[in-house]
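Hi,

Here is the structure I promised to pass on to you. Have a look at it first, then read my notes underneath.

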Amino acid sequence: MPSIAIVGASGYGGTELLRLLHRHPSLDIHLVAAAASAGAPVRTAAPNIPDRAGGGELLDTVDVEGLARADVVVLGTPDEVSLELAPALLAAGTRVVDLSGGFRLDAATFRTWYGHEHTAPVHAMDGTDPAVYGLTEHARESIAAARLVANPGCYPTATLLGLIPLRELLEPAGIVVNAMSGTSGAGRSSRDTLQASVVHGDVVAYGAPSHRHTVEIETHGAPGGMSAPIVFTPHLVPMSRGILATISAALRPGVGQADVDATLADAYGSEAFVHVLPVGEFPRTKSVHGANSCLLSAIVDERTGRVLVTSVIDNLVKGAAGQALQNVNVMLGLDEAAGLDVIGVYP
Ligand SMILES: NC(=O)c1ccc[n+]([C@@H]2O[C@H](COP(=O)([O-])OP(=O)(O)OC[C@H]3O[C@@H](n4cnc5c(N)ncnc54)[C@H](OP(=O)(O)O)[C@@H]3O)[C@@H](O)[C@H]2O)c1
C-alpha cells in the first residue's frame, strides 16, 4: 500500500488531513511530525482523531530520511519551513505536496510579494524542476507527473475555481474579489485579534490592497494575468471555518447568462467536487463545512454588464488538506475521491 507522511501534523491543515486519512482505504500513514509539539500525543492537537496506536500515538520529530521513506510527504508548515524541507525531501527521493505559499510563484514575484529572496528558486514556478500549481480540476495531468505540488491558497482556490472557466467571456480589467474567511484560516495562532472575545460579533477587512493571494490569483488564472490587476479584499468573519468569495467582472460584449451557464456546465458538469447552483441561488459556507466541495453560482447583471460569481469552500478542506489529499491521490494513481467522500454538515 502506498504511504504518506505529514509534517505540521499538529497544525490545523495537518490535523484536518489526519481526519480525512482516517477514511482513506488505500494509504498508509507512515509518519506524523511536528516541531514544538513533537513528543506530544496526536490527540492533544487533534482530539477528534481516533488513536491508531491505542496507547497514545505521539507526534514525531522532523527527520528527513525517515520522512522520505513515504511515497509522498505533505508539508503543513509555514512558508520558510517548507522552503527548507521540500528541496531536502525531493533530494532524498520522495514527492511533496506543500500547503504553504513557498512554491506558488516564480522566484522574482515571490521576492516582490513576500519581501525576501526565494531560498529554493530551482523549485519555484520558473525553476528547472518547478513546482506544479495544484488546483486539481485544472491541472490533473501535470499533478500526476509532479515531484512537487504547490497546493493553492484557500482564497485563490475559491476564486480561481470560479474565474478560470469564464476567462474567455470576461473583460480582463476591473475584476473585484471580496472574500470572507473564518478564523482557522490563520492557523493555530494565539494572536490577540483572533481571540473569541474580539472575533465574536465582529467583521473586519484586512491585508488590502496587497494581500499575497492577490498575485496568486492574477498569476494562476485571472484573465489578463498580472497585466490586468484584480482588486482583492479579504475579510475575517466570526466563524471557525469556511470561505465565501464574490467575484464581480465585466462581460465581453454580447456575452449573456446562457453563455456563462453553458461554460460552467462544460467545465464542471462531470466534476465530483465542484458544483454549480441554479441561477438565482447563492451558496452558503455551511453547505461545504467539512467537505472537499466548492459550490459556485453565477448571475449576470444586464444593467451593469457584469457577472457576479459566488464561490464557497471549507478553507481547511478544499482550501488546504482536502485538495492536498486530492492531489496525493492523483500523484499516486489512486481514486481521486478516496478519503474525500464526505458531504458538508448542515445546519
Ligand atoms: N489554515 C488554513 O486555512 C490554510 C489554508 C491553506 C494553506 N494554509 C497554509 O498551510 C500551512 C499550515 O497552515 P496551518 O493553518 O495548519 O498552520 P498552523 O496551525 O499554525 O500549524 C503549523 C504547523 O507547522 C509546524 N511547524 C512550525 N515550524 C516547524 C518546523 N520548523 N519544522 C516542522 N514543523 C513546523 C507546527 O508544529 P508545532 O506546532 O509542533 O510547532 C504546526 O504543526 C501554512 O503555510 C498556511 O499558510 C493554511
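Below is what I found, going from the domains to the ligand and then to the sheet.

One thing before you start: this is a predicted model.

The chain splits into domain 1 (3-152 + 318-331) and domain 2 (155-314). Their C-alpha centres are 24 Å apart, and the contact draws on 18 residues from domain 1 and 23 residues from domain 2. On the side of domain 1 that touches domain 2, helix H5 (107-114) and H11 are the elements giving two or more residues. H11 contributes the most there, with five residues. By class, that side of domain 1 has seven nonpolar, eight polar and three charged residues.

Now the ligand. Where does it lie with respect to the two domains? Domain 1 and domain 2 both give residues to the shell around the ligand, so it lies between them. There are 30 residues around the ligand, and Gly11, Gly13, Ala34, Ser100 and Gly187 come nearest. Helix H1 (12-21), helix H4 (79-91) and helix H11 (317-331) each supply at least two residues of that shell. H1 gives the most, with three residues. By class, the shell has 12 nonpolar, 16 polar and two charged residues.

So H11 turns up both in the shell around the ligand and on the side of domain 1 that touches domain 2. H11 also packs against helix H7 (residues 154-163), at an angle of about 95° and with the axes 8 Å apart. An angle of 65 to 115 degrees counts as roughly perpendicular, and H7 and H11 are therefore roughly perpendicular to each other. Cys154, Thr157 and Ala158 on the H7 side meet Lys318, Gly319, Ala320 and Gln323 on the H11 side. That contact has three nonpolar, three polar and one charged residues.

H7 leads on to the sheet. H7 lies across S7, strand S9 (231-236), S10, S11, strand S12 (294-301) and strand S13 (306-313), and runs at about 40° to S10. The sheet is an open one of seven strands with mixed pairing, in the order S8-S9-S7-S10-S13-S12-S11. Strand S8 (204-205) and strand S11 (274-276) stand at the edges with a single partner strand each, so one side of each has no neighbour in the sheet. Strand S7 (residues 176-181) and strand S10 (residues 243-250) run antiparallel and are joined by six bridges. If you want a spot to look at in that pair, valine 176 stands opposite serine 248 in S10.

Cheers

How values were computed:
Residues are numbered from 1 along each chain as its sequence is written. This is a predicted model: local features need pLDDT of at least 70, side-chain atom pairs count only at pLDDT 80 or more; totals for chains, interfaces and linings use all residues. A residue is near a molecule or strand if its C-beta atom, placed from the backbone, lies within 6 Å of it. Helices (H or I, at least four residues) and strands (E, at least two) are DSSP runs, numbered from the N terminus. Ala, Val, Leu, Ile, Met, Phe, Trp, Tyr, Cys and Pro count as nonpolar, Asp, Glu, Lys and Arg as charged, and the others, Gly among them, as polar. Domain bounds come from an automatic or database domain assignment. Axes are lines fitted to C-alpha atoms, for helices over the stretch in contact, and angles run from 0 to 180 degrees between N-to-C directions. Angles under 35 degrees count as roughly parallel, over 145 as roughly antiparallel, 65 to 115 as roughly perpendicular and the rest as oblique. Two residues are in contact if their C-beta atoms, placed from the backbone, lie within 7 Å. Two strands pair if DSSP finds at least two bridges between them.
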